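Student: Could we go through this structure together, one question at a time?
Tutor: Gladly! Have a look at it, and ask away.

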Amino acid sequence: MLDVTAIVLSVLLVALVFVGWSGPLRVLLTVAFAFFVPGRAIVGNWPRMGQWSEAAMSMVLSLAVLVILTTFMLWIHSWHPLGLFQVVAGLSLVGLIIGLARRRRRTRGA
């Protein structure tokens, strides 16, 4: 269920950014995305990490990944927040779909 939530959140935010819509909904979706989606893509593909707490580890990893990427972009003098969002959203969606498919295949085979 967490993966589906993360996928829906990503797709909604990408759609709002693509359309150019701004407002409180976009801000809330952006905060939710930043705190959850990239980490969920990692935890979903790393089963041992999810043993501790799937939601908490998703938040910690999301913030860590975004801070590291942001710091790197600033360090190389290439700050582009929209580009960072697009790359992270795309990679996160790929990771979420792969993790979801992998777990679904594992449960069908068991």
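Student: Is Phe 72 buried, partly exposed or exposed?
Tutor: This is a predicted model, so we work from its computed areas. The relative accessible area of Phe 72 is 45%. Buried means under 20% and exposed over 50%, so Phe 72 counts as partly exposed.

Student: And is Trp 75 buried or exposed?
Tutor: Let's use the cut-off of over 50% for exposed. Trp 75 has a relative accessible area of 66%, so Trp 75 is exposed.

Student: How are the rings of Phe 72 and Trp 75 arranged?
Tutor: Both residues lie in helix 4, 3 residues apart, about one turn of the helix. Their ring centres are 6.2 Å apart, with the planes at 50°. Planes under 30 degrees apart count as stacked and over 60 as edge-to-face, so this pair is tilted.

Student: What kind of aromatic pair do Phe 33 and Phe 85 form?
Tutor: This pair links distant parts of the chain, with Phe 33 in helix 2 and Phe 85 in helix 5, 52 residues apart. The centres are 5.3 Å from each other and the planes make an angle of 70°. Over 60 degrees the label is edge-to-face, so Phe 33 and Phe 85 are edge-to-face.

Student: Is Phe 33 buried or exposed?
Tutor: Phe 33 touches several residues, including Leu 9, Leu 13 and Val 88. Its relative accessibility is 3%, and the cut-off for buried is under 20%. Phe 33 therefore counts as buried.

How values were computed
Residues are numbered from 1 along each chain as its sequence is written. This is a predicted model: local features need pLDDT of at least 70, side-chain atom pairs count only at pLDDT 80 or more; totals for chains, interfaces and linings use all residues. Side-chain values use heavy atoms; hydrogens and water are left out. Contact means heavy atoms within 4.5 Å. Rings of Phe, Tyr and Trp (its six-membered ring) pair if their centres lie within 6.5 Å; planes under 30 degrees apart count as stacked, over 60 as edge-to-face and the rest as tilted. Helices (H or I, at least four residues) and strands (E, at least two) are DSSP runs, numbered from the N terminus. Buried means under 20% relative accessible area, exposed over 50%, partly exposed in between (1.4 Å probe, protein chains only). Lists of a residue's contacts leave out its neighbours within four places in sequence.
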